[in-house]
Every structure is written in structure tokens, then in C-alpha cells.
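Me: I'd like a close look at one small part of this protein, and I'm new to reading structures. Could you walk me through it slowly?

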Amino acid sequence: MNNCIFCKIAAKQIPATTVYEDEDLLVFKDINPAAPVHLLIIPKLHLDTLSAAQAEHAGLLGKMLALVPRIADEHGCAPVANADGELSGGYKTLINTGPDGGQEVYHLHMHVIGGPKPWRGQR
């Protein structure tokens, strides 16, 4: 994947504002954020799309998803219970797949988008 921008970010050939990294995943800030918190979680393993994932990638996909609540909490957008028991805050996760799904970079990635409104629904 010589021309993949996310592979180059994972290989530290292109700078990014990294907020988490382990042996399998990298999380960094989106350079064109749609909300106050807009992070991208990528596997270091190149997979073009979610549709390219196979059964052997289930652990990696699970690890990506399991990381979301921790990352959201660390960036102040986890849902919290108010004094009256109602929830406030929150975030959304998004994986665009293919051209009709709005995918722009063909390296599997998950958006974590949150923070105080009025960003909701702008993108």
C-alpha cells in the first residue's frame, strides 16, 4: 500500500496528532474535524474497507470498537448521568465503506465524533 496516506501515518512518514497507539491500532485527530472531538481509529494492518475484513480480522475489529468508549471518555465526550438520572454528552461512531458509503481514504478507519453541540448533523 505504497500510496495509502493512513499507512504512511501509521509508519510515521506523515505527521498526525496521535492520541493513542498500540501494536495494532493508531488513533489520531481528523485534520478536517466535523465536531469538537473528531478522532480516527485505524488498524496498522492495511484493509481497504470494512467489506475487505475477513473472519481472521474479528479480533482486530473488536479491539477497534472496544477502544471507542475509553477514547471518548479521555476526550470528554462520553455519556454521563446527570443528577436526575438523564444522560448527557455522547458521541457517534462511523465507518464509511465504498464510494456510495462516503469513503474517501481507502484504509479502514472508524470516526469517533462528539463534543458539545451544535455540530450535530453538519456532516
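Here is a walk around one aromatic residue and the parts that surround it.

Me: Please zoom in on Phe6. Which helix is Phe6 found in, is Phe6 buried or exposed, and what is Phe6 in contact with beyond its neighbours within four places in sequence?

Reply: Sure! One thing to keep in mind is that this is a predicted model. Now find Phe6, which sits in helix α1. Its relative accessible area is 6%, and anything under 20% counts as buried, so Phe6 is buried.

Who is around it? If you skip the neighbours within four places in sequence, Phe6 is in contact with Phe28, Leu40, Ile42, Val105, His107 and His109. Some of the chain that comes by is a long way off in sequence: Leu108 is 102 residues from Phe6, yet their C-alpha atoms are 8.9 Å apart in space.

Let's pick out Phe28 from that contact list. Phe6 and Phe28 make an aromatic pair, and the structure holds just one of those. Their ring centres are 5.5 Å apart and their planes meet at 75°; planes over 60 degrees apart count as edge-to-face, so that's the label for this pair. Phe6 belongs to helix α1 (residues 5–10) while Phe28 belongs to strand β2 (residues 25–29), so the pair ties together parts that are 22 residues apart in sequence. Like Phe6, Phe28 is buried.

Now follow Phe28 out into its strand, β2. That strand is part of an open sheet of five, ordered β1-β2-β3-β7-β6, with antiparallel pairing. At the edges you'll find β1 (18–21) and β6 (91–94); each has a single partner strand, so one side of each is left without a neighbour in the sheet. On average, neighbouring strands here are turned by 20° against each other, if you ignore direction.

Take the β6 edge as an example. Strand β6 is joined to β7 (residues 110–114) by four bridges, and the two run antiparallel. In one of the matches, Thr93 has Val112 in β7 as its bridge partner.

There's another helix to spot as well. Helix α2 (residues 58–74) lies across β1, β2, β3 (37–43), β6 and β7, and it runs at about 40° to β2.

Last stop: His57, in the loop between β3 and α2. Its relative accessibility is 11%, so His57 counts as buried. Leaving out neighbours within four places in sequence, His57 is in contact with Leu45, Leu47 and Ala52.

Conventions. Residues numbered from 1 in each chain as written. Predicted model: local features only at pLDDT ≥ 70, side-chain atom pairs only at ≥ 80, totals over all residues. Heavy atoms only, no water. Phe/Tyr/Trp six-rings, centres within 6.5 Å; stacked < 30°, edge-to-face > 60°. Buried < 20%, exposed > 50% of the residue type's maximum accessible area, 1.4 Å probe, protein only. Contact = heavy atoms within 4.5 Å. Pairing = 2+ DSSP bridges. Axes fitted to C-alpha atoms, helices over the stretch in contact; angles between N-to-C directions.
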